Amino acid sequence: MNWLQTGWRHVWLPYAQMQTAPLPLPVVRTQGSEIHLADGRVLIDGIASWWTACHGYNHPHIAQAVAAQLQTLPHVMFGGLAHEPAYQLATRLAALLPEPLNRVFFTDSGSVAVEVAIKIAVQSRLNKGERGRTKILAFTGGYHGDTLGTMAICDPEEGMHAMFAGLLPEHPVIGLPRDAASIVAFDDFLDGHAKTLAAIIVEPLVQGAGGMVLHPPSVLRHLRKAADHYGLTLIFDEIFTGFGRTGSMFAFEQAGVVPDIITLSKALTGGTLPLAVTIASDELFAAFLSDSASTALMHGPTYMANAMGCAAANASLDLFETEQRLQQAVAISAQLAAELEPCRTLPGVVDVRVLGAIGVVELATIANPAALRLKLVEQGVWVRPFRNIVYLTPALTITPAELSHLTGAIYKVLSAP
Ligand SMILES: Cc1ncc(COP(=O)(O)O)c(C=O)c1O
């Protein structure tokens, strides 16, 4: 494995203490829910590569669409030039989402999609001459990305607000209005501070990177009501939850309320290419229209609307239309609930919870997540425990037998810590 040993001296891994990080597992091939390692072992993937590969790996329909796109038009700049995959994708996303979410801005990662959402929320007010509303209300436990703007609206610990004090813009981060006391605190906060706010941002139904913490749809309804009352832009960050993960195409559908902006990425291309979108309401878009260039949205990543990414996303949407993804998510949900439930009695387990195709076993603490990960690899599964949780977010195409392999491995490893 020459490339690994040589490259290891030059690669800087994500979220890793490089002094102690073990060598990553070399992968030579993927297929369906399988990750094939260089030494011949095959792991069942429990997390679909950070929640992206919703159709499993190497789906032929996406592979063919990307290959064909590569031959004809891999990429052209989006400023001043147009290509069909992007215009078609924008049209399809707008059709898939309820009114008034009609205007699609393309970027190349989830974090940047959130940055654009923040800029739209703030600039739409400035364009209308409304000054002083530059704060975004975010929530403890929330995660919206790793760029500086998004770190500032993450949970203070996740976003390292203390370490980067002075560098990050300051935004209020408070508890979600999920019970009587937190609703009072939330309402009081808005009473006092709404005039400084441009927007509220939330991950609907589940705070993913914050520990897969669930909240009921009523929270989203409360946020919608408050946003309407105070004239705030409501942003739903569905970068994790979008495309079936919670059992509905988008999590917000379960609450019966519609945001003013939605951000999507991850499963947008079925886990094949980096692409993200920020989709805004007609009213927000209208705030950028004038006779002056100064009210335009000043953003434009070099690789925005990459044609191969858009072709992959269109092919992924085809699969949602032609295959039974949402039914598969519902079936996964039932199997996760049944098969993870026995973990509740294991030592150290404090909660087991399931929402859609997300299954979580929460422990009081996990002393060494990396060691736990290796034990799971020994059981033939790829699962990445973090904080105090072991979780599954498999491909929606995973077979019942593969899913049982995953839940069985978790039970076995947690039984013998
Ligand atoms: C809800 C949410 N928003 C934003 C992001 C950031 O996306 P990216 O890693 O593509 O920048 C993530 C990534 O995990 C996420 O879960």
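Student: Which residues does Ile-200 touch, leaving aside those up to four places away in sequence?

Tutor: In this predicted model, Ile-200 is one of the two residues with the most contacts inside the largest nonpolar core, the other being Val-277. When residues up to four places away in sequence are not counted, the ones that Ile-200 touches are Leu-137, Leu-223, Ala-227, Leu-232, Leu-234 and Ile-235.

Student: Which helix gives the most to the largest nonpolar core?

Tutor: The largest nonpolar core has 118 residues, and one helix, covering residues 110-127, gives eight residues to this core. The core also draws at least three residues from each of domain 1 and domain 2. The helix that gives the most to this core is H5.

Student: How many residues of domain 2 are in contact with domain 1?

Tutor: The protein is divided into domain 1, made of 2-55 + 324-415, and domain 2, made of 62-322, and their C-alpha centres lie 27 Å apart. On the side of domain 1, 23 residues take part in the contact, and the number of domain 2 residues that they meet is 21.

Student: Which element supplies the largest share of the side of domain 1 that touches domain 2?

Tutor: Several elements each supply at least two residues of that side, among them helix H2 (48-51), strand S13 (349-355), strand S14 (358-363) and strand S16 (389-392). The largest share is five residues, and the element that supplies them is H11.

Student: Are helices H3 and H10 roughly parallel or roughly antiparallel to each other?

Tutor: Helix H3 (residues 60-72) and helix H10 (residues 307-322) pack with their axes 8 Å apart, at an angle of about 150 degrees. Residues that meet across this pair include His-61, Ile-62 and Ala-65 in H3, and Ala-307, Met-308 and Ala-311 in H10. H3 passes H10 in a right-handed crossing. Because angles over 145 degrees count as roughly antiparallel, the two helices H3 and H10 are roughly antiparallel.

Student: Is Leu-392 buried or exposed?

Tutor: Leu-392 is found in strand S16, and, not counting residues up to four places away in sequence, Leu-392 touches Gly-46, Ile-47, Leu-336, Gly-359, Val-383 and Leu-406. A residue is buried if 20 or more other C-beta atoms lie within 10 Å of its own. Leu-392 has 26 other C-beta atoms within 10 Å and is therefore buried.

Student: How far apart in space are Leu-392 and Leu-168, C-alpha to C-alpha?

Tutor: In sequence, Leu-392 and Leu-168 are 224 residues apart. In space, taken from C-alpha to C-alpha, the distance between Leu-392 and Leu-168 is 32 Å.

Notes:
Residues numbered from 1 in each chain as written. Predicted model: local features only at pLDDT ≥ 70, side-chain atom pairs only at ≥ 80, totals over all residues. Core = buried A, V, L, I, M, F, W, Y, C linked by C-beta atoms within 7 Å. Buried ≥ 20, exposed ≤ 12 C-beta atoms within 10 Å, placed from the backbone. Helix = DSSP H or I, 4+ residues; strand = E, 2+ residues; numbered from the N terminus. Domains from an automatic or database assignment. Contact = placed C-beta atoms within 7 Å. Axes fitted to C-alpha atoms, helices over the stretch in contact; angles between N-to-C directions. Parallel < 35°, antiparallel > 145°, perpendicular 65-115°, else oblique. Left-handed = near helix turned anticlockwise from the far one by under 90°.
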